[in-house]
Amino acid sequence: MRLQVIGDPVLHSKSPLIHTSMLAALGSDMEYTPHVVRRGELPRYLAWARENGVTGFNATMPHKEDLLPLLDEMDPAARAVGAVNTVCLREGKWMGFNTDGGGAVEALRDGLGIDPAGLTITLLGAGGAAKAVALALSAAGAERVFVCNRTLSRAETLCAQDPLGRLTPNRFDAAALGRCAEQSQLLVNCTNLGMAGCPHQFEDFSFLDALPRDGAVFDLIYHPAKTELLAQAECRGLKALNGLPMLVWQAVLALEHFLDRPLDRGAMAAVATDALRGAGV
Ligand code: NAP
């Protein structure tokens, strides 16, 4: 029984470190390794994996959407998001899951003590991560999620896909961000702005002044550990959380799928977090 993470590039992935630490804590001798799979090579990989004892894998760029037509079954979250990050071989069938959104909700609960139920939330971005997180926040009972995106049409498309109708598309300019933030208790950044290697940054942070004094900011980015957005939030006395707990929690949920049994999630998250800290992440 082997587990893998596939992608291109994939060798930089933190998933082997996270999963290996959790498997070791469970006393499992399963291995979890990175495997480069280029775009277009998924059918060949699936056949190889089946023949070589791979019973589950995580998928990262560029495969999360391309896997869909190749799977036998999908869970509702993966179907709604239109992307999978976790695939398991069960009774000969490839089953797809998406744990990104659930990981974000668990990270909010664990890292900030925030339950999205009943909250109004401003969410920045409408890419792949934004879609998973926005739909998960809606499913977790958020009252309203303002989805603010530079390309408004992408926000509109995303919001139209929420079966609960709790997502509202908005522009990304300072006025729109301020109007949404003043009605929100939580702001979630799902854009690339502030990420290491991204040449762009927020033009101004005045929208943070519109959040209530006990408001919170969750940035999906974890490299750097403290983005300018989080630094600016902390300056204003707002609670702040980076994307590392989401990375950890999506892996905990993925491992439950791989092993097909419930785990002590908190203990697993603690083990993975320690492993990342030990590696200087
Ligand atoms: P993506 O699909 O490429 O989406 C990028 C988003 O950022 C889009 O909404 C895009 O807007 C917006 N954007 C990019 N440049 C911008 C700019 N200059 N001004 C305003 N908006 C801009 O990427 P993704 O996969 O969703 O990832 C987004 C972020 O989430 C990345 O930083 C990634 O590292 C992070 N992430 C973290 C985790 C975790 O576990 N912590 C998991 C997944 C992703 P347009 O639609 O207008 O282009």
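A polar contact is a pair of N or O atoms within 3.5 Å. The model examined here is predicted. In this model, one such pair joins the ligand to Thr 151: an N or O atom of the Thr 151 side chain is 2.5 Å from a ligand oxygen. Two further pairs involve the protein backbone. A backbone N or O atom of Leu 220 lies 2.9 Å from a nitrogen atom of the ligand. For Asn 192, a backbone N or O atom is 3.5 Å from a ligand oxygen atom. The ligand, taken alone, exposes 920 Å². Of that area, the protein buries 78%.

The shell around the ligand holds 22 residues. Those that come nearest are Ala 126, Ala 129, Asn 149, Thr 151 and Arg 154. Thr 151 thus appears both in this group and in the side-chain contact with a ligand oxygen. By class, the shell divides into 11 nonpolar, 9 polar and 2 charged residues. Helices α5 and α9 are the elements that give two or more residues to the shell.

The second largest pocket contains about 350 Å³ of space. Its lining comprises 21 residues, and Ala 77, Gly 102, Leu 135, Ala 136 and Ala 139 are the closest to the pocket centre. Two or more lining residues come from each of α3 (76–81), α4 (100–112), α5 (128–139) and α9 (244–259). Helix α5 gives the most, with 5 residues. The lining of this pocket divides into 13 nonpolar, 6 polar and 2 charged residues. Both α5 and α9 therefore serve the ligand shell and the pocket lining, each giving two or more residues as elements defined by DSSP runs.

How values were computed: Residues are numbered from 1 along each chain as its sequence is written. This is a predicted model: local features need pLDDT of at least 70, side-chain atom pairs count only at pLDDT 80 or more; totals for chains, interfaces and linings use all residues. Side-chain values use heavy atoms; hydrogens and water are left out. On a 1 Å grid over the protein atoms alone, a cavity is a set of points where a 1.4 Å probe fits but cannot get out, and a pocket is an open set with protein on both sides within 12 Å along at least five of seven lines; lining residues have an atom within 4 Å of a point. Grid points are joined across faces, edges and corners, and a volume is the space filled by probe spheres set on the points. Helices (H or I, at least four residues) and strands (E, at least two) are DSSP runs, numbered from the N terminus. Ala, Val, Leu, Ile, Met, Phe, Trp, Tyr, Cys and Pro count as nonpolar, Asp, Glu, Lys and Arg as charged, and the others, Gly among them, as polar. A residue is near a molecule or strand if one of its heavy atoms lies within 4 Å of it. A polar contact is a pair of N or O atoms within 3.5 Å; within protein, one must be able to donate a hydrogen and the other to accept it, and residues adjacent in sequence count only if both atoms are side-chain atoms. Accessible areas come from the Shrake-Rupley method with a 1.4 Å probe; for residues, only the protein chains shown count as cover.
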